[in-house]
Amino acid sequence: MRVASVRASAGGAVASGGRREFHVAPMRDYTDRHLRRFTRLLSREAVLWSEMEKPRAILKAADASSSSKLDRLLRRGSDEGYEVFQIGGNDPATVAEATRLVLPYGYDELNLNCGCPAVASGGGDYGASLMRDGGDDAARVVEAMVRQVTKHGGDAHTKISVKCRVGIAETLGDVLSKDASAEEVRERLAEPLASFLAKCADAGASSAVVHCRQAVMSGLSPSKNRGVPPLRPELVFELCSVNANASSKDHRVPSKVILNGGVSSFADAARIFRRCPNLAGAQAGRWPLLRPFDALHVDAFLAMTSSDELECLLESRTSASLASHRSAETERFEFPFDRRAAARAAAAAETYAIRSAAESRRDAGAGAAARPLALAIADLDDRLEASRASDHREREGRDDPDALAGALDGVLGVCGDLLGVDGGTDRAKRTRKALAKAVGKKVGGKQRGTRAEAAEAAGRVASGRCGGVG
Ligand SMILES: Cc1cc2nc3c(=O)[nH]c(=O)nc-3n(C[C@H](O)[C@H](O)[C@H](O)COP(=O)(O)O)c2cc1C
């Protein structure tokens, strides 16, 4: 197969009609419909992803005697906004069957996971293992999904996409080091990646999210797989010019390419948008878990970065590094938590709790519905502690401790309502206890671990507990 040169060409038009996208990444055990519902109340424009589900789990839920199990698994977080449902599988027939079951739930896009190292199954049966043969397997699965959309999708508006890595390595020793020669990077990563995505595009994938690290298929835990292999954003930037450089004989990669991996602040996202005018958007995973209330500013950020203004807003520096250090760029894209943010945060939490209470009564149990509030409270706790620790001068233009304390009161109040905590003295304290119990030790511990990982990934000094629940 002939794929157009993967060498980057400078410049080019801003992708996707001028509006960039901001995606909240799929995260197992987190981005369930509850967290998506909560996040949607903070941002209208963020693209929200489900957790990955395996076809077997979907088919099993469909076999259950009542339809409520399938509903719980597949329901959207919100009727509004763009949501993506991710499936992880390698067998075209079962993925097709799962696709058929997901389609009636009205997702805007269905995604095939080609990026999870699947360490637990020896890197075997789904995710990044679909990159092993160069894309033929992935293309077959994509084709099967597209066929289902055509057959059952009504007006066939549901898009099919893939999420992959820049490449795979069987062991940590096989990972291409950051100082590998340009030739080696092109041969081992850039060309196979473009070829993989061209096959997916030929099969009908209209967009690709690329996590810009290699996946290590064995001997490295999932969390280390998100930190140890080096970030290679330049490979994703190069993909964005493949189609522009393609002749009529060349195969094309999906027209929409989104970068994932290491985006930990609005400044990071702005820098990569500036580096690559044709990049359709950025996807972030751990950052939104660490600071869910940053989603309050996603719509404003996208408005700022979607036009030629970006060039004026940023310094004319072209650092390839995504590492964030304090600079004019960073400050430009910091959105302090002020009284307005506090009012919006508390209102979102209240709406969320009201809607979730009705659903919890139906589905029995407020535990899962309480989880997003646990993340929200941990975010406010951390910000408040950091803000109180900084002196008055440092705080100028930064988070306002009074606004944070007000928001924390509000969120704890509605959380208490959701969990049925009585009024009276020490209600906030009793709410934290009830929240810890509703969320459960296992989930609370996992939340703490993931938030600590996120803080480390962002290079932040984890202020405060970095924990899930009080
Ligand atoms: C707790 C957790 C669960 C994840 N689950 C999934 C998943 O279900 N599907 C997927 O494609 N990626 C999953 N990922 C990977 C993220 O989508 C993302 O690719 C990765 O975290 C890198 O992005 P980041 O640096 O912005 O966090 C998960 C990541 C985390 C932290």
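Here are some worked exercises on the structure above.

A quick note before starting: this is a predicted model, where local features need pLDDT of at least 70, side-chain atom pairs count only at pLDDT 80 or more, and totals for chains, interfaces and linings use all residues. Residues are numbered from 1 along each chain as its sequence is written.

**Exercise 1. Get the overall picture of the protein chain.**

Step 1. Start with secondary structure: the protein chain has 18 helices and eight strands. Helices here are DSSP runs of H or I with at least four residues, strands are runs of E with at least two, and both are numbered from the N terminus.

Step 2. Now burial. A residue is buried if 20 or more other C-beta atoms lie within 10 Å of its own, exposed if 12 or fewer, and partly exposed in between, with C-beta atoms placed from the backbone. By that yardstick, 51% of the 470 residues of the protein chain are buried.

Step 3. Finish with contacts, meaning pairs of residues whose C-beta atoms, placed from the backbone, lie within 7 Å. Among contacts with a separation of 6 or more in the protein chain, 77% link residues 24 or more positions apart.

**Exercise 2. Trace the pairing of strands E1 to E4.**

Step 1. Two strands count as paired if DSSP finds at least two bridges between them. E1 and E2 run parallel and share two bridges, and valine 24 has leucine 48 of E2 as its bridge partner.

Step 2. Move on to E2 and E3, also parallel, with four bridges joining them. Leucine 48 turns up again here, opposite glutamate 83 in E3.

Step 3. E3 (residues 83-87) then runs parallel to E4, again with four bridges. Phenylalanine 85 pairs with leucine 110 in E4, and isoleucine 87 with leucine 112 in E4.

Step 4. Check how covered these strands are. Six of the seven residues of E2 are buried, so E2 is largely enclosed by the rest of the structure. For E3, the count is five of five. E4 (residues 109-114) has five of its six residues buried, so the rest of the structure largely encloses that strand too.

Step 5. Look at the two sides of E3. In a regular strand the side chains alternate between the two faces of the sheet. Here Glu83, Phe85 and Ile87 point one way, Val84 and Gln86 point the other way, and all are buried.

**Exercise 3. Describe the shell around the ligand.**

Step 1. Take a residue as near the ligand if its C-beta atom, placed from the backbone, lies within 6 Å of it. That gives 24 surrounding residues, the closest being Ala25, Met27, Met52, Gly285 and Arg286.

Step 2. Ask which elements contribute. Strand E2 (47-53), helix H10 (286-290) and helix H18 (441-457) each supply at least two residues of the shell.

Step 3. Sort by class, with Ala, Val, Leu, Ile, Met, Phe, Trp, Tyr, Cys and Pro as nonpolar, Asp, Glu, Lys and Arg as charged, and the others, Gly among them, as polar. The shell splits into 10 nonpolar, nine polar and five charged residues.

**Exercise 4. Find the hubs of the largest nonpolar core.**

Step 1. A nonpolar core is a set of buried Ala, Val, Leu, Ile, Met, Phe, Trp, Tyr and Cys residues joined through C-beta atoms within 7 Å. The largest one holds 142 residues, and Val142, Cys200, Leu239, Ala370, Val411 and Cys415 touch the most other members. Domain 1 (4-335) and domain 2 (339-453) each give this core at least three residues, with bounds from an automatic or database domain assignment.

Step 2. Zoom in on valine 411. Beyond four places in sequence, valine 411 contacts Ala345, Ala346, Ala349, Leu373, Ala376, Ile377 and Leu380.

**Exercise 5. Compare two aspartates with positive phi.**

Step 1. Recall that most residues other than glycine have a negative phi, and most peptide bonds are trans. Aspartate 29 has a positive phi near 70 degrees, and aspartate 426 one of about 60 degrees.

Step 2. Place them. Aspartate 29 sits in the loop between strand E1 (21-24) and helix H1 (33-42), while aspartate 426 is in the loop between helix H16 (401-419) and helix H17 (427-439).

Step 3. Buried or exposed? Aspartate 426 counts as exposed because 9 C-beta neighbours lie inside 10 Å. Aspartate 29 is partly exposed, with 13 other C-beta atoms within 10 Å.

How values were computed: Contact = placed C-beta atoms within 7 Å.
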